[in-house]
Amino acid sequence: MKHIATPGKIIRLRGRRWIVMPSPDKDLLLAKPLGGTDDEITGIFLPLQVAGDKIEEDTFPEPTVDDLGDFSTARLMFDASRLSFRNASGPFRCTAKLSFRPRSYQIVPLVMALKQDVTRLLIADDVGIGKTVEALIILKELMERGEIKRFAVICLPHLCEQWQKELKDKLDIEAEIIRSSTVASLERKLPGDGSVFQHYPYQVISIDYIKSERKKNIFLNDCPEFVIVDEAHTCAKPKDAKSPSQQQRYHLLHQIAKNEQQHLLLLTATPHSGKDEEFLSLLGLLKPEFEKYSLDSKDQTSKRKIARHFIQRKRENIKRWLKEVTPFPERESVEVGYKLSPTYANFYNEVYKFARGLTQGDTEIQGARGKYWAALGLLRGIMSSPQAGYSMLQSRMQKVKDLGDELLYDENPVIEKLESDSDHTLTELLDQTELTSDEQSDLKYLAEEIEKLFGIEKDKKVATAHKIVADWLKEGYNPIIFCKYIETAKYVGEILKAELPKSVLVQTITSELPDEQRKEIIETMKDSPKRVLVATDCLSEGINLQDAFNSILHYDLPWNPNRIEQREGRVDRYGQRAATVKTYMVWGEDNPIDAIVLKVLIRKVRDIQRSTGVSISLGEDNRSIMDAVLKEVLLDPRGALAATQQQIDFGDAFSRSSNTITTELEEAKRKAENLRSIFAHESVKPEEIEADLRKVDEAIGDVQSVEHIVRAGVVHLGGKVEADGPGYKVYTANLPVHLRDALGGREIARVSFDSPTPEGYRYIGRNHNFVEQLCQFLLSLAFEEKGHYSRIARSAVIKTANVSKKTTLIQFRVRNVIKEVNSKNENISEEMYLWGYAGSGADAEELDYTTCKQLLFEAQSTVQLSPERQAAMIENEKDVFTVQKPKFLQLAEQRAEALVEAHGQFKKLVGGRSYEAVHPVLPPDILGVYVFIP
């Protein structure tokens, strides 16, 4: 029994053949039906085995004359076998179970993870490069290696569904969302008194649900071995915090990281907010000593230590990797200026006089209560939209309570936080400003006057936006319009609904809507051919919108340049189907606020990025820059406007602030360049990674193999496939019911094998349910009759011009058992291989894999041979093959040795891992024998 039940062996049990799988328990026999899927793995508890269930060692049946068929189906069996593998040979265990083919640059973080005994990584690649994909690859690899069995993804509440979908689509893992709205339902399903964190192995958790003291302690007690934290920058420890507990999110991660055996993966596109202390607090989660390092130090040893745990690459680093073009869209960025209507300009002058009056004699800003900030906030709201301005003015007049000390914090309240979309802070500032009776009278007058500015005639900003959007819609673009304030978003949305054709679906999303409703609106919009989304910055971070939208209009200029990249990264990312993404900014040419922000912050930062390839992160509450810049609005507005008409420099009009601004920006630039030079990991040789990936492609089938099996397989089963623009139409009427259902049950399915997938097409990858079911069905046709469907040939004889003498081709499957030294973990790898010989007897010439594959794929029959002659030749070939069999078995041994070598090379790449032993399971399974005669 012990010998029969070793992994990789074929056994016969209950009238069918099974492959023995690795088992963690000697009393538990795990077996998968021969030709079956992982879902069909069955466990047999040997001490309770029924007497009649005798387990016998078996062998794979060799092809005979009864398996003769049309040679054109031989490639179908080859590709169907490869694409069915979920345990492919090669050092990357996860690749056969991914629904996508990773690009080589996405493997670099995996290599970093495998160099570590316990995974601790911060992945900070640019927006849109694929941090989620990189995290999923690491997760699946560790699961396949048996190093982890449970995991949790911790993310912002509105990203839970997105992560759940990514896990299902890319890894076929069903994860449970754990947050306030779902936990009661999940707890009702618990079998005992344990927690949801203990019971469910795969979790997507809202960080705001578990950050509280009570929930945190329960989670920490039952924390899975592997934790992914998305948008990790929101969990950094505040600069002036004296203890970790001052930031609940950080304290949660700090407690998780205390477990030295905890696998921890942090993801963020903006790791450095401009404050070294906050960035180092994130690095300290990976290794406590990192928090004490100095990024300005010239100590290269410390930086090399950090580099083992931190990777940050800009798009320029990976846009072209090994001459493989990564299909990022081109970005067309345009600044669109507009001028106020005379009525609006007169009103602005009135508001400006009022704002200047508020600041008279108040040159010192004290906390968040300064009249300066209140005045500036009012100006900004009014220039955002009449509705936002009106809301602020009305709120001040209807003030009913004193907010006390809630806003007494030492930061600049005008600079928006990345997760904020509200005008409450600025409204509250205005509320707390002590006003004279004359000033209150002025407020009432201003509120009455601003009501007259609503609408596209008086408001040239919204008119400009309408024209841009209308033009984009005609060109086939579907835009997102980002606004700063909730009231502005509602205002713009209502005007566009009224002005655009009824065929255009216009929706508005703000933070007032719950996460579920936001997701539902976006999903519904995908069904509309023409769509416009107006949103606040509640959608500017984390969520992927490239499937539904391909252009961005910045209706309100962000006062934080980081925000621009966050917004545009929602659509300008890997997976965007449009070749060009449009990103326009609307700005007021006679608006000093817009003019200064555009010139000093946005243009200057972008100029540095273009010249150096470095993105600069500015602190979200950076007082030194923003104080200097925005004071110009109130102190010297005419000089500020004049300066913005010049080239990008700092002239006399900015004499008070230019030195401060230049110094701060240059310092931010220096830090960004320093980080990129160390942490882009350009020293990792892409050739080594790409070579391994190409071997995987050959072993499990590449995109071309998927396309061939679908097109040829559907036709073999009586269906029809025809080209349809960038994809294909699959007519499913004659297919088996279960295959039709796998394509949605429709008679015509539009499919594509490309990623990004063209709009209106269903992506078909190697792990798509349809491909898996199709391959299994085609393989079954090689071994048994199934209704009126034609058999797949396991043996065939053809007369062809592709050979000059009789040639025999053997198609076979190799199984290897991989075992890490000093480890109980075992894995079975599978590989399809081709071998052949030209001529007969001992003098026959062996053919290598490449020659055999070319013959299999290209040989065409020139004469139809009679069934009798084919049968006679196959019978005769048995004796010839008997002579060649020792060479054939030797080749199977060589394939195992090649796998040992591949793992040895991989060990050099990742280091640290134990050497792996590989044992072939002999004899290999002969799936097909094909004879070619000239």
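Start by selecting strand E3, residues 28-33, in this predicted model. Colour the strand by accessibility and you'll find E3 mostly covered, with 5 of its 6 residues buried.

Now add what sits on either side of E3 in the pairing. Select strand E2, residues 16-21: E2 and E3 run antiparallel and are joined by 4 bridges. To see how the chain gets from E2 to E3, follow the hairpin, which takes 6 residues to make the link. Next, bring in strand E4, residues 42-45. E4 also pairs with E3 over 4 bridges, again in the antiparallel sense.

A handy residue to click here is Leu 30. Which residue of E2 has Leu 30 as its bridge partner in E3? Pick Met 21 and you have the pair. Then turn to E4, where Gly 43 stands opposite Leu 30. While you have the strands on screen, here's a general tip for looking at side chains: in a regular strand they alternate between the two faces of the sheet.

Time for some helices. Two packed helices are described by the angle between their axes and the distance between the axes.

Select helix H3 (residues 131-144) together with helix H4 (residues 160-171). Their axes lie 11 Å apart, and the helices pack at an angle of about 60°. That angle falls outside the 65 to 115 degree range for roughly perpendicular and isn't under 35, so H3 and H4 count as oblique to each other. Is the crossing left-handed or right-handed? As H3 passes H4, the crossing is right-handed.

Show the side chains where the two meet. On H3, look for Thr 132, Val 133, Ala 135, Leu 136, Leu 139 and Lys 140; on H4, they meet Trp 163, Glu 166, Leu 167, Lys 170 and Leu 171. Coloured by class, the residues of this contact split into 7 nonpolar, 1 polar and 3 charged.

For the last stop, jump along the chain to helix H27 (residues 703-716) and helix H29 (residues 769-780). Here the axes come within 10 Å and cross at roughly 55°. H27 and H29 are therefore oblique to each other, and their crossing is left-handed.

Display the contact residues once more. From H27, select Val 706, Ile 709, Val 710, Gly 713, Val 714 and His 716, and from H29 the residues they meet: Phe 770, Val 771, Leu 774, Cys 775 and Leu 778. How many charged residues does the contact of H27 with H29 have? There are no charged ones; the contact has 9 nonpolar and 2 polar residues.

Key:
Residues numbered from 1 in each chain as written. Predicted model: local features only at pLDDT ≥ 70, side-chain atom pairs only at ≥ 80, totals over all residues. Heavy atoms only, no water. Axes fitted to C-alpha atoms, helices over the stretch in contact; angles between N-to-C directions. Helix = DSSP H or I, 4+ residues; strand = E, 2+ residues; numbered from the N terminus. Parallel < 35°, antiparallel > 145°, perpendicular 65-115°, else oblique. Left-handed = near helix turned anticlockwise from the far one by under 90°. Contact = heavy atoms within 4.5 Å. Nonpolar A, V, L, I, M, F, W, Y, C, P; charged D, E, K, R; others polar. Buried < 20%, exposed > 50% of the residue type's maximum accessible area, 1.4 Å probe, protein only. Pairing = 2+ DSSP bridges.
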